[in-house]
Amino acid sequence: QFKGKIMRLEKALYGLRQAPRRWWQELCTRLDKHGLKRTRIDPCLFTRFDAKRGGDKKPFCIKAGVHVDDLLFTTNNASRFIEWFTDVCKDINFGEYQRLGINAVDFVSLEITYNSARHHVQFSQRKYILKGLERAGMQDCKPAATPFQMGVKFTKEDMPETADARRV
């Protein structure tokens, strides 16, 4: 019946409005199933504390930070975490994951590096900045300490009178 007609699209549906909320509910349900509980202070932080087992010196602890579809897990017992994570992977399909050790991992455009010898965590946005430079075609540009020439003095005569000229 619409043959030979030109139709105007009024609204395109690329996804459901409730999709993010449903995804969040599903993630919370699955993490809860594996013992991670949301904290009251920050709903994007999940924790799990288990009693000592065998020769453990401390109670087993897992903390998970969630940002959109990125998860960052921390623990105090790597071997028990691997057991737990193997069980979780049967229920949740993680697209890709990296173990954070001496090497860096990219999480929410932050490069996070843990140095076990010095016992410190370093956060950097170096990779994010390099990706932005690459997108703009500026990856081979020479860096400068300041983007403006030093020692330039402006006078009243340098400033235009009208507001439109200032924007130009």
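Contact, as used here, means heavy atoms within 4.5 Å. With that in hand, take His34: setting aside neighbours within four places in sequence, His34 is in contact with Arg48, Trp84, Asp87, Val88 and Asp91. Keep in mind throughout that this is a predicted model.

## The overall layout

Let's step back to the whole chain. The protein chain carries 4 helices and 7 strands, and along the sequence they come in the pattern α-β-β-β-β-α-β-β-β-α-α. Of the 168 residues in the chain, 16% are buried.

How much of the contact map is long-range? Taking the contacts with a separation of 6 or more, 21% are between residues 24 or more positions apart.

## The four-stranded sheet

Here 4 strands make an open sheet, ordered 1-2-3-4, with antiparallel pairing. Strand 1 and strand 4 (70-75) sit at the edges, each pairing on one side only. Helix 2 (residues 78-91) packs on this sheet and touches strand 2 (45-50), strand 3 and strand 4, with its direction at about 140° to that of strand 4.

Now for the pairing of strand 3 (residues 60-67) with strand 4: the two run antiparallel and are joined by 6 bridges. Ile62 has Thr75 of strand 4 as its bridge partner, while His67 stands opposite Asp70. The hairpin made by these two strands has 2 residues between them, and Val68 there takes a positive phi near 55°.

## His34, just before the sheet

Where does His34 sit? The residue is in the loop that runs between helix 1 (19-33) and strand 1 (37-38). Is His34 buried or exposed? His34 counts as buried because its relative accessible area is 8%, and the cut-off for buried is under 20%.

Two of the contacts named at the start can be placed on the elements above. Arg48 falls within strand 2 (45-50), and Trp84 falls within helix 2 (residues 78-91).

## Arg38 and Thr47

Arg38 is found in strand 1. Its relative accessible area is 44%, so Arg38 is partly exposed. Not counting residues up to four places away in sequence, Arg38 touches Trp24, Cys28, Pro43, Leu45 and Phe46. One of these, Cys28, is 10 residues from Arg38 in sequence and 8.0 Å away in space, C-alpha to C-alpha.

Thr47 lies in strand 2. Thr47 counts as buried because its relative accessibility is 16%. Leaving aside neighbours within four places in sequence, Thr47 is in contact with Gly35, Leu36, Lys37, Thr39, Ile62 and Lys63.

## The nonpolar core

In soluble globular proteins, nonpolar side chains tend to be buried together. The largest nonpolar core in this model has 16 residues, and those with the most contacts inside it are Leu36, Phe46, Ile62, Phe73, Phe81 and Trp84. Helix 1, strand 3 and helix 2 are the elements that give two or more residues to this core.

What does Leu36 touch? Apart from residues up to four places away in sequence, the list for Leu36 is Leu31, Phe46, Thr47, Arg48, Ile62, Ala64, Phe73 and Trp84. Several names recur here: Phe46, Ile62, Phe73 and Trp84 are also among the residues with the most contacts inside the core. Trp84 turns up in the contacts of His34 too.

## A pocket by strands 3 and 4

The second largest pocket has a volume of about 190 Å³. Its lining has 11 residues, and Leu45, Ala64, Gly65, Val66 and Leu72 lie nearest the centre.

Which strand supplies the largest share of that lining? Strand 3 does, with 5 residues. Strand 3 and strand 4 each supply at least two residues of the lining. Leu45, one of the residues nearest the centre of the pocket, is also among the contacts of Arg38.

## A second hairpin further along

Later in the chain, strand 6 (residues 110-115) and strand 7 (residues 120-124) run antiparallel, joined by 5 bridges. Asn115 stands opposite His120 in strand 7. The two strands form a hairpin with 4 residues between them, and His119 in the turn has a positive phi of about 55°.

Terms used
Residues are numbered from 1 along each chain as its sequence is written. This is a predicted model: local features need pLDDT of at least 70, side-chain atom pairs count only at pLDDT 80 or more; totals for chains, interfaces and linings use all residues. Side-chain values use heavy atoms; hydrogens and water are left out. Buried means under 20% relative accessible area, exposed over 50%, partly exposed in between (1.4 Å probe, protein chains only). Two strands pair if DSSP finds at least two bridges between them. Axes are lines fitted to C-alpha atoms, for helices over the stretch in contact, and angles run from 0 to 180 degrees between N-to-C directions. A nonpolar core is a set of buried Ala, Val, Leu, Ile, Met, Phe, Trp, Tyr and Cys residues joined through side-chain atoms within 4.5 Å. On a 1 Å grid over the protein atoms alone, a cavity is a set of points where a 1.4 Å probe fits but cannot get out, and a pocket is an open set with protein on both sides within 12 Å along at least five of seven lines; lining residues have an atom within 4 Å of a point. Grid points are joined across faces, edges and corners, and a volume is the space filled by probe spheres set on the points.
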